[in-house]
Amino acid sequence: MLFRSLFPRCRVGVSDTDSLCAAEVKKNFKLNNLPAPRFTKTMPRRAFDLVISNLYSEVLKSYIPLVAASRYWIVSGLQAGEQERDFLQALRGFFRVHRRTQKSGWVCLEMMAEGTSA
């Protein structure tokens with residue numbers, strides 16, 4: 001995994017309510033010869049340097065207060081159109097979009113906290 005070679009001292013945590021996700025994460029880390037990250041079923045409310053989320057729109061919106069103090073947030077799992085517009089409206093004052101990519105109607109947003117420079 002590229003982040004480990006770029007940031008060898010980074011601490012990784014994974015949060016998901018689906019136990020199948022935990023098994024897949026452990027498998028992927030093992031395939032990359034990396035120790036499995038700490039896994040929790042709930043997202044802690046704290047500041048992170050980077051949060052990566054692949055969730056549905058309503059769940060992503062519920063995460064905004066949990067990650068509001070973080071520097072960077074990459075989200076996917078949004079459908080282009082109304083879902084994306086609704087999510088962007090909820091983000092106002094917390095994060096701004098740095099880069100947007102779209103494939104097959106799905107959107108990925110790379111965002112920075114308001115006041116963070118690129």
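Is Pro65 buried, partly exposed or exposed? Keep in mind that what you're looking at is a predicted model, so let's start with how confident the predictor is. Mean pLDDT for the protein comes out at 84, with 92% of the residues at 70 or more. Among the elements, helix α1 (residues 2–6) sits at the bottom with a mean of 60, while strand β5 (residues 95–103) tops the list at 94.

Back to Pro65, then. You'll find Pro65 in helix α3, which covers residues 57–67. Its relative accessibility is 43%, and since partly exposed runs from 20% to 50%, Pro65 counts as partly exposed. For a landmark, look at Arg46: the two residues are 19 apart along the chain, and their C-alpha atoms are separated by 9.3 Å.

Other parts of α3 are tucked away. Ser57, Leu60, Tyr63, Ile64, Leu66 and Val67 are the buried residues here. And what lies over them? The cover includes the strands β1 (13–15), β3 (50–54) and β4 (72–79), along with helix α4 and strand β5.

Helix α4 deserves a stop of its own. It spans residues 82–91, and Glu84 is in it. Glu84 has a relative accessibility of 7%; buried means under 20%, so Glu84 counts as buried. Leaving aside residues up to four places away in sequence, Glu84 touches Gln79, Arg100, Val107 and Leu109. Trace two of those contacts back to elements you've already met: Gln79 falls in β4 (72–79), and Arg100 falls in β5 (residues 95–103).

Definitions and conventions:
Residues are numbered from 1 along each chain as its sequence is written. This is a predicted model: local features need pLDDT of at least 70, side-chain atom pairs count only at pLDDT 80 or more; totals for chains, interfaces and linings use all residues. Side-chain values use heavy atoms; hydrogens and water are left out. pLDDT is the predictor's confidence in each residue, from 0 to 100. Helices (H or I, at least four residues) and strands (E, at least two) are DSSP runs, numbered from the N terminus. Buried means under 20% relative accessible area, exposed over 50%, partly exposed in between (1.4 Å probe, protein chains only). Contact means heavy atoms within 4.5 Å.
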